[in-house]
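Dear colleague,

I am passing on to you the structure we spoke of, with the sequence and coordinates placed just below. After them you will find my notes on what turned up, and I would be glad if you read them against the model itself.

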Amino acid sequence: DDDDAEPQSLLEQASALKEKLESTLTTTQRADLERSNEETRILREASQIQHNALQAASELAKGVTYDTPLRTTWTPPRSVLAEGEVKWN
């Protein structure tokens with residue numbers, strides 16, 4: 001190879017390796033790789049949406065986070081309590 005070449009930065013090396021990998025992939029392999037990358041992106045977005053689903057838009061915009069759960073006085077109806085834990089599952 002090039003013994004006289006100047007040393008490459010890590011970024012240049014990574015770019016060269018990526019180009020080499022892409023040039024060796026078949027069309028099918030390239031499509032599979034793109035599909036996999038797209039699926040990963042969609043899953044990341046879905047996870048973020050689930051995480052933010054119960055927050056108000058104003059809270060998301062301001063970056064409000066809650067460390068402790070809200071206290072509640074809610075109790076299940078007596079009929080549900082009477083059924084017992086065996087039936088709950």
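Is Arg35 exposed, partly exposed or buried, and what is its relative accessible area? Please keep in mind, as you look, that this is a predicted model. In it Arg35 has a relative accessible area of 46%, and therefore falls in the partly exposed class, whose bounds are 20% and 50%.

The salt bridges were my main interest, and a search of the whole structure finds three of them. One joins Arg35 to Asp32, with the closest N and O atoms 2.8 Å apart. These two residues sit three positions apart in helix H2, which spans residues 27-52, so that about one helical turn separates them. Asp32, the acidic partner, is partly exposed as well, its relative accessibility being 38%.

Further along helix H2, Arg41 and Glu38 are again three residues apart, which means a separation of about one helical turn, and their side chains meet in a salt bridge with an N to O distance of 2.4 Å. Arg41 also takes part in a salt bridge with Glu45, for which the N to O distance is 2.4 Å; here the spacing within helix H2 is four residues, which likewise corresponds to about one helical turn. Taken together, Glu38, Arg41 and Glu45 are linked in a network of salt bridges.

As to how these residues stand towards the surface, Arg41 is partly exposed at a relative accessible area of 34%, while Glu38 counts as partly exposed with a relative accessibility of 36%. Glu45, at 40%, is placed in the partly exposed class too.

Turning to another part of the chain, I also looked at Leu11, which lies in helix H1, a helix made up of residues 10-24. Why does Leu11 count as exposed? The reason is its relative accessibility of 69%, since the exposed class begins over 50%. Should you want a sense of distances across the model, Leu11 and Lys87 are 76 residues apart in sequence, and their C-alpha atoms are 60 Å apart in space.

With best regards

Definitions and conventions:
Residues numbered from 1 in each chain as written. Predicted model: local features only at pLDDT ≥ 70, side-chain atom pairs only at ≥ 80, totals over all residues. Heavy atoms only, no water. Salt bridge = Lys/Arg side-chain N within 4 Å of Asp/Glu carboxyl O. Buried < 20%, exposed > 50% of the residue type's maximum accessible area, 1.4 Å probe, protein only.
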